[in-house]
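Here is my note on the model you passed along, set out as separate points so that each can be checked against the coordinates.

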Amino acid sequence: MTEQTATAPVVRRVDPRHRYEILVDGERAGLTAYRDRDDRRVFFHTEVDEAYAGQGLAAILVEQALTDVRASGMRIVPVCPYVAKFLKKHEEFADITDPVTPEVLQWLDAQLGR
């Protein structure tokens, strides 16, 4: 009987792709995508690959991403439903969270070519 040792998930910011990725054993397991608008990081999409579902990776990913936003002196705009839900449970980020406005949504659509 052999025991497998899983390494802790690693979160990295990938600026050229406008996202944070979570890696499990070196493989990308999920991501949260953003666009920067002035001093605000607008999160608009979070996903975890089906093979990694149910392991709490989305929460780890978003928490570390938001911690990075705080460390960089920026603010958060949670367009992504998962990020918005996370923020309701984690009030420690309330002081750096801005509301989603029609103006932000229109700006984001233009950024994403929608």
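The points below go from the overall fold to the cores, the aromatic groups and a few single residues.

1. **Status and overall fold.** This is a predicted model, and every remark here should be read with that in mind. The protein chain contains three helices and five strands, and along the sequence these elements follow the order β-β-β-β-α-β-α-α. Taken along the principal axes, the C-alpha atoms fill a box of roughly 60 × 30 × 25 Å. Of the 114 residues in the chain, 38% are buried. Among contacts between residues at least 6 apart in sequence, 43% join residues at least 24 apart.

2. **Annotated domain.** An unreviewed UniProt entry lists residues 12-98 under "domain: N-acetyltransferase", and I report that label as the record gives it. In the model, the span 12-98 is 28% helix and 38% strand, and the C-alpha atoms at its two ends lie 23 Å apart.

3. **The largest nonpolar core.** This core has 22 residues, and the members that touch the most others are Tyr-20, Phe-43, Leu-66, Ile-76, Val-83 and Phe-93. Strands S2 and S3 and helices H1 and H2 are the elements that give two or more residues to the core, with the largest share, six residues, coming from H1. As a general background, nonpolar side chains in soluble globular proteins tend to be buried together.

4. **A second core.** Separate from the largest core there is another one, of eight residues, which includes Ala-33, Phe-44, Val-77 and Trp-107. Val-77 is found in strand S5 and, with a relative accessibility of 0%, counts as buried. Leaving aside its neighbours within four places in sequence, Val-77 is in contact with Arg-40, Arg-41, Val-42 and Phe-43, and also with Asp-98, Pro-99, Val-100 and Val-104. For one of these partners, Val-100, the C-alpha atom is separated from that of Val-77 by 6.0 Å, although the two residues are 23 apart along the chain.

5. **Helix H2.** Which residues of helix H2 (residues 81-89) are buried? They are Val-83, Phe-86 and Leu-87, and, seen down the helix axis, these buried residues fall within an arc of 100 degrees, so they line one face of H2. On the other side of the helix, Pro-81, Lys-88 and Lys-89 are exposed. The buried residues of H2 pack against strand S3 (27-37), strand S4 (40-48), helix H1 (57-71) and strand S5 (75-78). For Val-83 in particular, the contacts beyond four places in sequence are with Thr-32, Phe-43, Thr-46, Val-62, Leu-66 and Pro-78.

6. **Aromatic pairs.** A search of the whole structure finds four aromatic pairs. Among them, Tyr-20 and Phe-43 form a stacked pair, at 6.1 Å centre to centre and with 25 degrees between the planes. This pair links distant parts of the chain, since Tyr-20 belongs to strand S2 (residues 19-24) and Phe-43 to strand S4, 23 residues apart, and both residues are buried. Another of the pairs, Phe-86 with Phe-93, is tilted, at 6.5 Å centre to centre and with 40 degrees between the planes; Phe-86 and Phe-93 are likewise both buried.

7. **An aromatic cluster and a charge over a ring.** Tyr-20 and Phe-43 also belong, together with Tyr-34, to one aromatic cluster. Over the face of Tyr-34 lies Arg-41, at 4.2 Å from the ring centre. Arg-41 is also one of the residues in contact with Val-77.

8. **Backbone points to inspect.** Most residues other than glycine have a negative phi. Against that background, two residues deserve a look. His-18 has a phi near 55 degrees, a positive value in a residue other than glycine; His-18 sits in the loop between strand S1 (10-14) and S2 and is partly exposed, with a relative accessible area of 30%. Asp-38 also has a positive phi, near 55 degrees, and lies in the loop between S3 and S4, where Asp-38 is exposed, with a relative accessible area of 69%.

Conventions. Residues are numbered from 1 along each chain as its sequence is written. This is a predicted model: local features need pLDDT of at least 70, side-chain atom pairs count only at pLDDT 80 or more; totals for chains, interfaces and linings use all residues. Side-chain values use heavy atoms; hydrogens and water are left out. Buried means under 20% relative accessible area, exposed over 50%, partly exposed in between (1.4 Å probe, protein chains only). Helices (H or I, at least four residues) and strands (E, at least two) are DSSP runs, numbered from the N terminus. The arc is that of the directions from the helix axis to the C-beta atoms. Contact means heavy atoms within 4.5 Å. Rings of Phe, Tyr and Trp (its six-membered ring) pair if their centres lie within 6.5 Å; planes under 30 degrees apart count as stacked, over 60 as edge-to-face and the rest as tilted. A charge sits over a ring if NZ of Lys or CZ of Arg is within 6 Å of the ring centre and within 35 degrees of the ring normal. UniProt positions are given in the numbering used here, feature names are shortened, and annotations may be inferred rather than shown by experiment. A nonpolar core is a set of buried Ala, Val, Leu, Ile, Met, Phe, Trp, Tyr and Cys residues joined through side-chain atoms within 4.5 Å.
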